[in-house]
Amino acid sequence: MAHYAINRIMERSALNPSSTANPKSSIMPETRQATALSVPTTDALRFLPEGPFALRDSRFSWVGIQHGADATQGSLNLYDLATQTNQSFDLPGRPGFAFPCTTANRFLVGCERSLGFFDTATGTFEAFQEGIDGDVTNTIINDGTFYENNLVFGTKDLEFATKKAGLYLYRGRDSKLIRLRDDQICSNGKSIVKSDDGTLHLYDIDSPTRQIVRYSLDIDAATLGEPTVVIDLTDDPAVPDGAILTPDGKHVIVSMFLPDVADFGTTRMYDLASGDLICEWQTPGSPQNTCPALVRHDGKIQLVITTAVENMAPEAKAKCPNAGQLFLAETDIADHGGPINELYPA
């Protein structure tokens, strides 16, 4: 998730970000406009919204990673599209992700350097794994995903500079934390899929590389295969942040964080087999897209996009009036019923 251009100044006032697609493709990508929602309503919550996750029809959670440039706390938020209301719960640090559990009111949260459960009914956070990245300094937990009761997540270097952030597996069967990599900078955009032959693959982004890669993943052996680049965005002015796979596993939807003033930001859908850009959703007045999520609303599958204010000087904010807002957009993704997301079994 975000925390990009720490030393950059947002100064290009009318930049329209270009999209990167397969240059050999004859496919003309579709462009759609997303609509800004009425949330967040405060500067604190608009600073760095990320990690949306469908709960049930018309409802999703999201995290405010930190409530300001110097803040060391963030929040878990629950938004209802039908009533346009948001509930916000302060957390004891900066969260990287929050996944709803099978137990009501319970969320699995990666917060600072701990994994724990947060109860929205009591407002309490109970850590069950601490000391993550304990042998390095200035990193905190960032993005993650889960498969059954196994969690894969990464950390980020708060200076966005040094290859010291970890990529971890928390294996559910023996409650063991295993470091898979120790050389990431800002670990983002994760999904785990099971192939027809039963093997698992992890899709992963280390944002500064501007690449989406795929690893084979063996949970029992706690090993990763060699990475294969599936989407190469190295020539793009924006940085890939959060990402999800479509329900059929054939496409990846990735939010692009553009650390410049621009007329709009982009979240894009790429075909994993060909690398073709299929669709681009634009977020008017908000160039720093952070994360996507799918949610069922009004009887169809729609796209939620979080965006951020992080790194913006006052003059930049004035030129990007929707920065930090959440957006909703139409999709053509088929709805086959059932829950949009699995729940973490706890």
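A polar contact here is a pair of N or O atoms within 3.5 Å, where, within protein, one atom must be able to donate a hydrogen and the other to accept it. By that yardstick, the side chains of glutamine 282 and glutamate 280 are joined by a polar contact of 3.3 Å. Keep in mind that this is a predicted model.

**The overall picture**

Let's zoom out for a moment. The protein has 2 helices and 26 strands. Its radius of gyration is 18 Å, close to the 20 Å that the globule rule gives for 346 residues, so the protein is as compact as a globular protein of that length. Taken along the principal axes, the C-alpha atoms fill a box of roughly 50 × 45 × 45 Å. Of the 346 residues, 57% are buried. As for the outside, about 14000 Å² is exposed, and carbon and sulfur atoms supply 46% of that area. Contacts tell a story about sequence distance too: among those with a separation of 6 or more, 50% are between residues 24 or more positions apart.

**Around β22 and β23**

Back to glutamine 282, which sits in strand β23 (residues 277-284). Is this residue buried or exposed? Glutamine 282 has a relative accessible area of 11%, and because the cut-off for buried is under 20%, it counts as buried. Leaving aside residues up to four places away in sequence, glutamine 282 touches Thr31, Arg32, Gln33, Ala34, Phe264 and Gly265.

Arginine 268 belongs to strand β22 (residues 264-271). Arginine 268 is buried as well, with a relative accessible area of 0%. Its side chain has a polar contact of 3.2 Å with the side chain of threonine 266.

Serine 274 lies in the loop between β22 and β23. With a relative accessible area of 32%, serine 274 is partly exposed. Its side chain makes a polar contact of 2.9 Å with the side chain of aspartate 276. For a sense of scale, serine 274 and proline 100 are 174 residues apart in sequence and 33 Å apart in space, C-alpha to C-alpha.

Here are the side-chain polar contacts of this region side by side:

| Residue | Partner | Polar contact |
|---|---|---|
| Arginine 268 | Threonine 266 | 3.2 Å |
| Glutamine 282 | Glutamate 280 | 3.3 Å |
| Serine 274 | Aspartate 276 | 2.9 Å |

**The β3-β4 hairpin**

Strand β3 (residues 49-56) is mostly covered, with 6 of its 8 residues buried. β3 pairs with strand β4 (residues 59-64) in the antiparallel sense, over 5 bridges. One residue to look up is phenylalanine 53, whose bridge partner in β4 is serine 61. The hairpin of β3 and β4 has 2 residues between the strands, and serine 58 takes a positive phi near 70° there.

**An open four-stranded sheet**

Which strands make up the open sheet, and in what order? The order is β7-β8-β9-β10, 4 strands with antiparallel pairing. β7 (95-100) and β10 (124-129) stand at the edges with a single partner strand each, so one side of each has no neighbour in the sheet. From one strand to the next, the twist averages 25°.

Inside this sheet, strand β8 (residues 106-111) and strand β9 (residues 114-119) run antiparallel and are joined by 6 bridges. Leucine 108 has phenylalanine 117 as its bridge partner in β9.

Methods: Residues are numbered from 1 along each chain as its sequence is written. This is a predicted model: local features need pLDDT of at least 70, side-chain atom pairs count only at pLDDT 80 or more; totals for chains, interfaces and linings use all residues. Side-chain values use heavy atoms; hydrogens and water are left out. Buried means under 20% relative accessible area, exposed over 50%, partly exposed in between (1.4 Å probe, protein chains only). Contact means heavy atoms within 4.5 Å. Two strands pair if DSSP finds at least two bridges between them. Axes are lines fitted to C-alpha atoms, for helices over the stretch in contact, and angles run from 0 to 180 degrees between N-to-C directions. The radius of gyration is taken over C-alpha atoms; the globule rule is 2.2 Å times the number of residues to the power 0.38. Accessible areas come from the Shrake-Rupley method with a 1.4 Å probe; for residues, only the protein chains shown count as cover.
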